[in-house]
There are 4 protein chains.
Amino acid sequence: MTTKRFHAPDSEALDELYGDVADADLQPLWMLEGLMTATPAVRPRSHVWHWSAMRPLAQRCGELVGISRGGDRRVLSLTNPSLGGKPYATSTLWGAVQYLQPGEVAPAHRHTPGALRFVLEGSGVWTRVQGDAVAMAPGDLVLTPSWVWHEHHNSGDEPMIWFDGLDQPLLESLDAIFFEPGQDANVPREVPSRSRSEELYAGAPGLVPIGSRPEVDYSPLFAYRWVDTDRALDQLLLADPKSAVALRFADPTTGRDVMPTMRCEMHRLPPGAATAPTRIVGSSIFVVFSGTCTVSLEGETVELVAGDMVATASWDEWWFSSEEGCDLFRVSDAPVIESLGLERRSVRQS
Amino acid sequence: MTTKRFHAPDSEALDELYGDVADADLQPLWMLEGLMTATPAVRPRSHVWHWSAMRPLAQRCGELVGISRGGDRRVLSLTNPSLGGKPYATSTLWGAVQYLQPGEVAPAHRHTPGALRFVLEGSGVWTRVQGDAVAMAPGDLVLTPSWVWHEHHNSGDEPMIWFDGLDQPLLESLDAIFFEPGQDANVPREVPSRSRSEELYAGAPGLVPIGSRPEVDYSPLFAYRWVDTDRALDQLLLADPKSAVALRFADPTTGRDVMPTMRCEMHRLPPGAATAPTRIVGSSIFVVFSGTCTVSLEGETVELVAGDMVATASWDEWWFSSEEGCDLFRVSDAPVIESLGLERRSVRQS
Amino acid sequence: MTTKRFHAPDSEALDELYGDVADADLQPLWMLEGLMTATPAVRPRSHVWHWSAMRPLAQRCGELVGISRGGDRRVLSLTNPSLGGKPYATSTLWGAVQYLQPGEVAPAHRHTPGALRFVLEGSGVWTRVQGDAVAMAPGDLVLTPSWVWHEHHNSGDEPMIWFDGLDQPLLESLDAIFFEPGQDANVPREVPSRSRSEELYAGAPGLVPIGSRPEVDYSPLFAYRWVDTDRALDQLLLADPKSAVALRFADPTTGRDVMPTMRCEMHRLPPGAATAPTRIVGSSIFVVFSGTCTVSLEGETVELVAGDMVATASWDEWWFSSEEGCDLFRVSDAPVIESLGLERRSVRQS
Amino acid sequence: MTTKRFHAPDSEALDELYGDVADADLQPLWMLEGLMTATPAVRPRSHVWHWSAMRPLAQRCGELVGISRGGDRRVLSLTNPSLGGKPYATSTLWGAVQYLQPGEVAPAHRHTPGALRFVLEGSGVWTRVQGDAVAMAPGDLVLTPSWVWHEHHNSGDEPMIWFDGLDQPLLESLDAIFFEPGQDANVPREVPSRSRSEELYAGAPGLVPIGSRPEVDYSPLFAYRWVDTDRALDQLLLADPKSAVALRFADPTTGRDVMPTMRCEMHRLPPGAATAPTRIVGSSIFVVFSGTCTVSLEGETVELVAGDMVATASWDEWWFSSEEGCDLFRVSDAPVIESLGLERRSVRQS
């Protein structure tokens with residue numbers, strides 16, 4: 001937004017007026033540009049990060065920087081260059097790569113931004129969510145929603161790397177960020193078996209325990225396992241094995257999104273499949289979990305392999321195609337856009 | 001409701017008035033009794049049916065009465081003796097035992113009353129629900145919601161017996177019953193593998209297919225398998241192995257009840273457990289699936305074994321206890337009572 | 001529902017079987033008729049009650065029968081002759097004429113059936129609803145929802161007659177009736193000015209007081225005044241002065257129906273207007289408030305004047321037409337039918 | 001958010017790593033400050049604008065700057081000095097003073113940001129909303145929700161000044177801004193009588209027209225008149241004449257907020273009243289409509305008169321008190337905060 005410096009020829013009176021207006025902490029609308037634009041004057045543009053660059057950097061950080069160096073987490077945040085230096089992937093979404101060495105513990109804390117983890121590599125890690133020990137393995141989606149205590153433990157022999165998705169930029173826009181560090185706890189170090197959350201809510205679809213559930217607006221199921229996601233996608237492919245299929249991760253007791261601010265999905269493109277060129281209001285981060293594919297972003301195509309990450313900006317056109325097939329994890333701000341009545345979509349017949 | 005025949009001594013004018021009132025299709029409120037009662041003047045009382053009596057009768061019907069004899073179904077309806085001859089278990093719920101011989105087909109039809117099947121014995125049977133072939137086995141819950149086409153096939157070598165639950169009495173009260181016979185279809189006779197409904201919706205809790213779902217108010221998942229129910233109940237018992245646990249069967253995409261008119265639950269009492277003496281507004285039918293237990297109905301106790309069925313009437317006090325443990329299927333009109341704002345519950349500290 | 005007495009020729013075994021079935025409190029479905037019918041086998045038929053008959057009878061009751069004679073209320077209930085003697089207008093709705101003499105008090109009580117009053121004649125009466133004094137005048141709709149304390153006082157010089165609508169038959173079907181008599185209270189006898197309910201909720205549309213509202217599922221506004229209803233109908237007519245218009249009475253804080261079990265509407269037919277021939281699932285009672293009209297009930301037409309009442313049964317076809325114009329109050333069970341997913345409508349192009 | 005420039009003594013390897021991280025469009029979390037803060041690191045602070053400064057400036061703009069000078073509107077936007085030059089009152093809300101001379105027309109356009117007008121001075125102005133002519137007068141609230149066509153006409157003899165509230169900053173954060181200029185229309189210039197919106201929806205509380213309403217998520221009632229608001233506030237004061245009372249402006253058909261992104265309220269403090277010191281997540285703009293009062297903002301007090309405007313920032317403590325009484329209009333982002341599950345409130349016992 002910049003101020004037009006157009007003046008009429010004899011503008012002394014105007015100059016004085018504009019000076020007085022500024023002194024009163026006001027601005028004249030007619031001197032402002034870029035406020036109301038035909039389509040979103042989107043600040044971030046879509047962007048791609050490649051695994052071939054991120055993976056070695058994460059490892060080097062693991063070697064050089066201790067977990068307690070600051071921030072409690074060894075995290076490299078996706079920094080969309082069109083966002084003016086902010087460590088954000090899109091206007092509403094934080095994306096990052098987190099790296100945890102064997103024996104390390106990322107200590108307990110909680111914050112109002114909701115977070116989710118989609119695991120890319122490694123084993124032996126578990127996250128305590130409200131005291132419940134939740135194991136992590138590649139392809140799993142693990143939730144640490146708004147204001148729940150959480151900490152990460154690597155009790156195994158190899159590092160783990162996962163994708164972090166947060167609604168931090170949105171909550172910053174809303175001035176709604178609260179944070180609280182946890183206390184050091186004497187936590188057993190062995191990898192737990194099944195979490196209480198899964199015992200209660202991962203039984204089978206449509207089986208809801210009767211009894212007291214806390215009054216929360218996020219999913220009480222904190223982990224969605226790859227083995228289930230993989231099998232469910234295969235089932236969807238049975239009806240039409242040549243088209244892309246997709247699942248939404250939902251609160252199993254209500255069908256709502258896992259958090260009020262973020263939607264998670266898993267997409268599978270069978271070999272030869274493509275999605276339609278699409279513009280939507282709102283932004284997403286896609287993470288390639290396996291296979292290879294091509295993404296088209298505003299007409300520019302980029303080749304992708306496992307681990308690559310794509311931020312799609314609001315109203316940018318994007319589509320995916322895959323020769324050999326691929327699996328894509330997606331997090332988006334769709335629940336926000338929908339609850340505020342701002343949905344808009346344009347699909348081009350390709 | 002009966003008319004009080006109290007008259008004042010010189011009541012000639014009153015007699016004439018009451019005659020004129022009746023001629024005008026009116027009734028004086030003050031001559032009516034039993035309209036407003038301190039607690040529900042429940043017409044049906046709670047009642048028990050024993051498997052030892054029902055099982056042989058169902059088999060004799062199978063031998064003597066063809067499937068096409070009438071009504072399209074070989075069904076013995078639970079007839080609560082306190083309901084004046086109506087073939088209903090409670091004021092709102094129909095319960096029945098259905099018996100299907102090897103090779104028999106119960107032909108296609110549809111009706112606005114919603115129906116559900118809880119399988120007690122047998123194998124080789126499958127139900128076509130909206131064209132989707134759904135296998136049936138003991139402990140499974142199979143749905144045929146309002147106005148969906150359905151038919152039953154026994155392609156196996158032995159009879160199958162299941163419990164039928166319907167909201168027929170409720171829909172009769174509301175004058176909302178519609179029925180349509182189906183057409184003879186040339187349907188393949190082999191037992192199907194997995195239904196399309198399960199491929200789509202039985203993947204894992206919280207995984208919802210993205211795409212077009214019909215706009216219906218019932219669960220798109222038509223079968224809940226015993227193996228899942230059994231395992232989920234075991235999981236619930238881990239936290240407190242000595243207390244009764246229960247699951248509600250829900251629409252996996254919304255968490256709502258399987259139909260707007262009926263709630264289904266599965267209760268497991270471990271050895272030595274008991275439920276609290278409870279009165280609620282609304283009625284239920286319980287079916288003992290395995291084990292043995294005792295039910296107390298308004299203070300009277302009855303011993304129950306697998307296959308026994310119990311209708312609990314509105315505001316009757318009931319509770320269950322079990323020495324050796326048992327599993328109980330339950331269907332109730334709770335969604336109706338709740339959506340109309342009529343819930344009321346009294347739990348006695350025993 | 002009657003039992004078919006069809007027997008196969010040599011039916012000794014069948015006879016014995018049927019006897020044993022009956023002894024076990026069971027009935028064979030194939031021996032029952034009328035359970036599942038193509039369209040609702042509606043027990044009540046539509047029916048009309050004429051004011052010319054009801055008005056004098058109400059007055060004679062007022063003269064001959066004291067208010068304390070029984071039932072706490074001087075009420076003549078609309079008795080649909082097709083309902084087998086039950087004092088009900090339809091399967092789900094109670095309709096009645098209530099008559100209160102000058103100086104009389106209908107004492108306080110409460111019951112789970114919800115009630116509403118639509119005033120036809122008189123002045124000087126007020127109803128205490130949860131302690132709040134609500135004045136009554138012709139054309140007003142006054143609510144006494146489920147389980148709220150209420151009593152009626154006539155502090156004026158003339159009798160008042162109003163229409164009572166209740167969901168009593170529905171709640172009887174659901175075994176959900178509770179009743180509690182009130183205590184004699186020393187209540188001031190003068191006509192109150194404006195009720196607290198109206199002070200809070202009748203300000204203007206869309207102005208909702210901020211603060212504590214009791215958690216109830218009925219409207220917190222207990223009275224809808226004729227002056228408002230009349231003017232709002234006139235406003236609706238401005239756009240198309242020749243067509244019938246209608247208002248739904250709603251909870252001003254949520255837009256939902258005034259009670260979870262009953263919908264209230266006011267219909268205005270300008271001279272020459274008619275409604276479309278309609279069948280719906282569910283029943284209604286119409287009360288002519290002013291003007292004259294003709295109702296067609298399953299093809300039979302009846303002339304109506306102010307005070308006449310019409311019960312329309314489920315799936316009966318009905319429509320109204322008016323030469324000189326008329327106003328019709330309507331109460332229906334539509335919220336019940338809709339919340340249970342049973343809506344069905346057939347409109348004939350006339 | 002700033003990057004910590006802390007380096008370990010021998011940091012050559014680190015320097016190289018950080019360079020490579022930056023080259024890959026990544027940032028190390030542990031080098032970032034201010035991301036997660038104990039309480040919101042609120043960028044805007046609360047701020048006050050005084051009518052004594054704004055009023056003359058608006059008039060001078062009216063004299064010196066034509067309506068068609070740019071931006072289609074003669075608007076001075078509240079520019080919170082703590083927002084780095086952005087013409088916004090808070091992180092989510094735009095506030096402004098709009099000035100329209102006699103005979104002027106602010107031409108038609110539409111935009112996804114929703115807007116509302118609260119009139120402060122003048123007469124003879126009307127706004128066309130979706131073709132519906134809505135008159136404006138002091139104290140009225142007039143809505144032009146997201147994506148509806150609107151234009152302003154001054155057909156009177158004096159200027160009008162009103163407060164504009166928009167969700168523009170929020171929609172900019174979400175990259176959801178669309179804009180479309182309207183076409184010049186040959187619109188009649190006389191002041192209209194009552195709008196169609198008011199004919200349909202301003203009848204009386206709880207009277208909802210039956211028939212087709214567009215499927216929108218904003219209020220179909222576009223104007224809330226001061227005469228109604230004033231009277232409704234008086235009614236609320238009857239119960240406790242010494243305490244502050246407040247109304248929420250709501251969709252009269254649903255009770256929801258007037259738009260999904262903004263809540264409007266009117267507060268009346270009787271003489272001597274005060275509100276409790278409060279912190280909430282989310283921001284508001286208050287406009288003094290009449291009377292005088294004092295606002296306390298994070299402990300600093302400011303005297304206010306009619307026309308003064310106050311932006312309260314998220315989690316700042318604020319409260320109002322008034323010696324002689326006052327009326328306050330308020331717009332807030334509360335519906336956004338609530339629908340995303342971010343409510344948090346701290347009320348200090350003063």
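**Entry 1: chains D and A**

I began with the contact between chain D and chain A in this predicted model, and I found 71 residues of chain D in contact with 71 residues of chain A. I then looked up which elements supply at least two residues each to the side of chain D that touches chain A: the helices are α1 (12–23), α2 (51–64), α3 (168–173) and α6 (334–339) of chain D, and the strands are β1 (26–28), β2 (47–49), β3 (75–78) and β12 (179–181) of chain D. Of these, α2(D) gives the most, with six residues. I sorted the residues of this side of chain D by class and obtained 42 nonpolar, 20 polar and nine charged.

**Entry 2: strands across D and A**

I next asked which strand of chain A is joined to β3(D) by bridges. The strand is β1 (residues 26–28) of chain A, which is joined to β3(D) by three bridges, and the two run antiparallel. Looking up one residue of chain A, I noted that P28(A) has L76(D) as its bridge partner in β3(D).

**Entry 3: the relation of D to A**

I laid chain D on chain A and recorded an RMSD of 0.0 Å, reached by a turn of 180° and a shift of 0.0 Å along the axis. I wrote this down as the relation of a two-fold axis. The same surface serves both copies, since 100% of the contact residues of chain D recur in chain A.

**Entry 4: chains A and B**

Turning to the contact between chain A and chain B, I found 33 residues of chain A in contact with 33 residues of chain B. On the side of chain A that touches chain B, the elements giving two or more residues are α4 (196–201), β13 (207–209), α5 (226–239) and β15 (245–249) of chain A, and the largest share, seven residues, comes from α5(A). By class, I have 19 nonpolar, eight polar and six charged residues on this side of chain A.

I also looked for strand pairing here, and found that β13(A) is joined by three bridges to strand β15 (residues 245–249) of chain B, the two running antiparallel. In β15(B), the bridge partner of L207(A) is F249(B).

**Entry 5: the remaining pairs**

Finally I checked two further pairs of chains. Chain A and chain C do not touch, and their nearest C-alpha atoms are 17 Å apart. For chain B and chain D I likewise found no contact, with the closest C-alpha atoms lying 17 Å apart.

Conventions
Residues are numbered from 1 along each chain as its sequence is written. Chains are lettered from A and ligands numbered from 1 in the order in which they are written. This is a predicted model: local features need pLDDT of at least 70, side-chain atom pairs count only at pLDDT 80 or more; totals for chains, interfaces and linings use all residues. Two residues are in contact if their C-beta atoms, placed from the backbone, lie within 7 Å. Helices (H or I, at least four residues) and strands (E, at least two) are DSSP runs, numbered from the N terminus. Ala, Val, Leu, Ile, Met, Phe, Trp, Tyr, Cys and Pro count as nonpolar, Asp, Glu, Lys and Arg as charged, and the others, Gly among them, as polar. Two strands pair if DSSP finds at least two bridges between them. Copies are superposed by least squares on the C-alpha atoms of residues with pLDDT of at least 70 in both.
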